2 protein chains.
Amino acid sequence: MSRNKRDELIRNALGIFYRNGFHATGMDLVAKESGVSKTSIYKHFRTKDELILAVLRLRDEDFRNWLFRRMEELAATPQGQLLAMFDALEEWFMADGFQGCMFIKASAEFQNADDAINRQSYAHKELLVDHFARLAGAAGHDAPRALARQLLILKEGAIVIAAMSHDPAPAQEARAIAERLLLGGADISV
Amino acid sequence: MSRNKRDELIRNALGIFYRNGFHATGMDLVAKESGVSKTSIYKHFRTKDELILAVLRLRDEDFRNWLFRRMEELAATPQGQLLAMFDALEEWFMADGFQGCMFIKASAEFQNADDAINRQSYAHKELLVDHFARLAGAAGHDAPRALARQLLILKEGAIVIAAMSHDPAPAQEARAIAERLLLGGADISV
DNA sequence: GCAAACATTAACAGATCGGTACATCTTCGC
DNA sequence: GCGAAGATGTACCGATCTGTTAATGTTTGC
């Protein structure tokens, strides 16, 4: 299997797991939908869990690349980018096939704190916080990390409710809260 | 099977599904851990899905009863109760066996919008919004329902991050945001 | 005490689970 | 053209999945 076919397999598996869930999706279906045999999959991934980890690595890259780029496209300043995140989320919520956050779902299906899938899922969230904190610092906020963690809470809450309600409205509802955090209060320094 | 035994079965199943996940838990395990035979379970529930629905009904009652009572115990005013919700959540996050929100997980494992489990999971969130909106109205806020929806976003975001990070800190981080919504802004009417 | 009604159980279907053994096919050096 | 090496597909493994069948206990009315 070439590098390309391997990447394509991971990308196919991503789509199936995202649509169907992890435990609910069998490796036979992954093989069939990917157009490769199960044996070939197991040549490259020792277990289903390892395939899932590869899927999550791809998703982490894809999602952060998309979100951060979109934030930059929508706003010029760091402060504006943090707010624009919620507009980007709204686009995602309205897109065909939106089914919530893959990492939340992976963490929910693999709850054990020792599980590599559980740890890797949260690592994605930490990378998001890092980026938010960088932007918050650049915008001149004191305690940028605390602000970043609050923005993460807003983002995850909006994703969960949008997915459960099948309605993109939570994006703007969360944005309104973020505006008060970023623009409104007495305790921002710039 | 008596009414009591049936209720106890549902309560047992709740614990197992909450700890293990829905798809990852087989009916044989539910039967074994509940001390009843699988046949007896299927006498009362036609399918696994029906058992899950019964579990979610119980969880909805239990959780709302607990949360609303705790909010009342912790604060006297409607406004205070809305803030105290996050203190109650913090207690939950620190409790043994906390594993996130059962309805978020159910919704994640049964994603189809037509699925009764999916719909019932979101119905729980709507009942929470109703209660928040009642309190926000009693506190004199205009647009109480919009505020209630924002509080829901904060609550769900805090739960998701607390569960993923195995850390109760998001409760107070979300509370700080709620304080700005409830107390800080120019656009509250009382 | 006895029969009807109900609850419970072990054993079993048929399908599918994650994962593998082995035979076949392709590819490549030379 | 041909042999070695790796990729692929088929068919299978034991375990487990949801759900059922048929036999056994247990309660209850009278």
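**View 1. The salt bridge between the two domains of chain A.** In this predicted model, one salt bridge turns up across the interface of domain 1 of chain A and domain 2 of chain A. A:Arg11 and A:Asp62 form a salt bridge, with their closest N and O atoms 2.8 Å apart. Polar contacts across this interface come to six residue pairs. On the side of domain 1 of chain A that touches domain 2 of chain A, you'll find five nonpolar, two polar and two charged residues.

**View 2. How the domains of chain A meet.** Domain 1 covers 1–45 and domain 2 covers 56–184 in the domain assignment of chain A. Their C-alpha centres sit 27 Å apart. Contact here involves nine residues of domain 1 and 14 residues of domain 2. Together the two domains bury about 1,000 Å², with 63% of that on carbon and sulfur atoms. Look for A:Leu14, A:Tyr18 and A:Phe22: this trio supplies 66% of the area that domain 1 of chain A buries against domain 2 of chain A, more than any other three residues.

**View 3. Phosphate contacts on DNA strand C.** A polar backbone atom of A:Met27 lies 2.7 Å from a phosphate oxygen of the strand. For A:Tyr42, a side-chain N or O atom is 2.9 Å from a phosphate oxygen of DNA strand C, while A:Thr25 places a backbone N or O atom 3.4 Å from one. Helix H2 (27–34) and helix H3 (38–44) of chain A, plus helix H3 (38–44) of chain B, are the elements giving two or more residues to this surface.

**View 4. The wider surroundings of DNA strand C.** Of the 15 residues around the strand, A:Met27, A:Lys38, A:Lys48, B:Ser37 and B:Thr39 come nearest. By class, this surface has four nonpolar, seven polar and four charged residues.

Definitions and conventions: Residues numbered from 1 in each chain as written. Chains lettered and ligands numbered in written order. Predicted model: local features only at pLDDT ≥ 70, side-chain atom pairs only at ≥ 80, totals over all residues. Heavy atoms only, no water. Near = heavy atom within 4 Å. Polar contact = N/O pair within 3.5 Å; in protein donor to acceptor, adjacent residues only side chain to side chain. Helix = DSSP H or I, 4+ residues; strand = E, 2+ residues; numbered from the N terminus. Nonpolar A, V, L, I, M, F, W, Y, C, P; charged D, E, K, R; others polar. Domains from an automatic or database assignment. Contact = heavy atoms within 4.5 Å. Buried area = accessible area lost by both parts, 1.4 Å probe. Salt bridge = Lys/Arg side-chain N within 4 Å of Asp/Glu carboxyl O.
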